[in-house]
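Me: Please examine one part of this structure closely, beginning at its surface and then following the connections inward. I would like a single, connected account that I can read beside the sequence and the 3D view.

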Amino acid sequence: MQISVVIPLLNEEQSLVELYNWIVKVLRSNSFSYEIIFIDDGSTDGSWKTIEALSESDDRVKGIRFNRNYGKSQALHAGFLKAEGDVVITMDADLQDNPEEIPDLYDMIVKDGNDLVSGWKKKRYDNVLTKNLPSKVFNAAARKTSGVKLHDFNCGLKAYKNEVIKNIDVYGEMHRYIPVLAKNAGFYNITEKEVQHQARKYGKTKFGVSRFIYGFLDLISIWFLSKFGRRPMHLFGSLGVLMFIIGFVSAGWIGLSKLYKLYHGIPNILVVQNPWFYISLAVMIIGTQFFLAGFLGELILRSKRDKERYLIKKTTSNI
């Protein structure tokens, strides 16, 4: 199979049939073998009934339904597990991503040898203050922190080699940083393609300004995990030992200073009356806590077991 199209969605009943027809038209006109996987992330409208109807009429349409809303990252994770195509295309279900881009994205993976191609919505049809400007700031910070030179990390339209999506773990709210996850997994041929962005035709956006706040927090998390995720002791242990040594040396200096003054008959206060003694003691305690945090992190890392992060309520019969 050449292409798997993975589409996470939430309450997009009005757009699904039109999106399906558009995708199929493009794929058939280019003679691709394909599958379309819809992941219903807890929709409360008729989205699942529409997916079931599409699956009954076309066995290349597959559906996964969550029992509640878990988020886009979990939906992509479920879709990636089922995807069988050599190239996996992800896109949103709101008709803002253009399926006409699929053939070029496919060629950039297969013919040009890229591991991942990310869409770049250079011209956007979103609100300037609530989406466009925050997005520019967010993307600049992501480029600087991750070292992945993409203009638009948030674009839902992306293409991947199958081996990429099978070897990364999309969790939490990390769907924004799949290119960074891919880079950390050793897939370095990452590029972008300017894609056409379209105004939303039905319904309203499911994302607000808060997604950028969460995005920056996730960016910090992924930076930390990429640097120290496999060896937490390297960070916490180093900080702990350093702070303990500083505190221990400071406390020792205070004690020796007290003895020196006593020996030479110089008036001096009690050690326990010296505020620097308590500062040194606090630094030693904090250093010990950092060291223990690193040690516990190592233990947790070694005892970690995979477990389901979402519950699948139903699937179509062909999945």
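Reply: Helix α10 supplies 6 residues to the nonpolar surface patch, the largest share of it. The model is a predicted one. The patch covers about 1,000 Å² and is formed by V241, F244, I245, F248, V249, F291, L292, F295, L296, L299 and I300. Two elements each give two or more residues to the patch, namely α9 (232–263) and α10 (275–303). One of the patch residues, I300, lies in α10. I300 has a relative accessible area of 58% and is classed as exposed, because the cut-off for that class is over 50%.

From this surface the account turns to the sheet. Eight strands form an open sheet with mixed pairing, in the order β7-β5-β6-β4-β1-β2-β3-β8. The edge positions belong to β7 (190–194) and β8 (312–315); each has a single partner strand, so one side of each lacks a neighbour in the sheet. On average, neighbouring strands of the sheet are turned by 20 degrees against each other, direction ignored.

Several pairings can be followed along that order. Strand β5 (residues 116–120) runs antiparallel to β6 (residues 158–161), and 3 bridges join the two. Within this pair, V117 has A159 of β6 as its bridge partner, and L116 stands opposite Y160 in β6. Strand β6 is also joined to β4 by 4 bridges, again in the antiparallel sense. There, V87 has K161 of β6 as its bridge partner. By contrast, β1 and β2 are paired in the parallel sense, over 7 bridges, and P8 stands opposite I39 in β2.

Strand β1 deserves particular attention. Of its 7 residues, 7 are buried, so the strand is largely enclosed by the rest of the structure. I3, V5, I7 and L9 point one way from β1, while S4, V6 and P8 point the other way, and all of them are buried. I3, V5 and I7 also appear, together with I36 and F38, as the residues with the most contacts inside the largest nonpolar core, which has 35 residues. Elements that contribute two or more residues to this core are β1 (3–9), α1 (13–29), β2 (34–40), α2 (47–57), β4 (87–90) and α4 (102–110). Helix α1 makes the largest contribution to this core, with 8 residues.

The loops on either side of α1 each contain a residue with an unusual backbone setting to inspect. N11 is in the loop between β1 and α1. Although N11 is not a glycine, its phi is positive, at about 55 degrees. With a relative accessible area of 27%, N11 is partly exposed. S31 is placed in the loop between α1 and β2, and S31, likewise not a glycine, has a positive phi near 60 degrees. S31 counts as exposed, at 61% relative accessibility.

Charged side chains add further links between these elements, and the count of salt bridges is 7. In one of them, the side chains of E52 and K314 meet at 3.1 Å, N to O. E52 belongs to helix α2 and K314 to strand β8, so this pair ties together parts that are 262 residues apart in sequence. E52 counts as partly exposed at 24% relative accessibility, and K314 is partly exposed too, with a relative accessible area of 40%.

A second salt bridge joins the side chains of K72 and D92 at 2.8 Å, N to O. K72 lies in helix α3 and D92 in the loop between β4 and α4, so the parts tied together here are 20 residues apart in sequence. Buried residues are those under 20% relative accessible area, and K72 is therefore buried, at 16%. D92 is also buried, with a relative accessible area of 19%. The setting of K72 fits its helix: α3 (residues 72–82) is mostly covered, with 9 of its 11 residues buried. Among the buried residues of α3 are K72, S73, L76 and F80.

A third salt bridge is formed by E101 and K193, whose closest N and O atoms are 2.5 Å apart. E101 lies in the loop between β4 and α4 and K193 in strand β7, so this pair links parts that are 92 residues apart in sequence. Both E101 and K193 are buried.

Conventions:
Residues numbered from 1 in each chain as written. Predicted model: local features only at pLDDT ≥ 70, side-chain atom pairs only at ≥ 80, totals over all residues. Heavy atoms only, no water. Patch = residues over 30% accessible without salt bridge, like charges linked within 9 Å, V, L, I, M, F, W, Y side chains within 5 Å. Areas by Shrake-Rupley, 256 points an atom, 1.4 Å probe, with all protein chains shown as cover. Salt bridge = Lys/Arg side-chain N within 4 Å of Asp/Glu carboxyl O. Buried < 20%, exposed > 50% of the residue type's maximum accessible area, 1.4 Å probe, protein only. Pairing = 2+ DSSP bridges. Axes fitted to C-alpha atoms, helices over the stretch in contact; angles between N-to-C directions. Core = buried A, V, L, I, M, F, W, Y, C linked by side-chain atoms within 4.5 Å.
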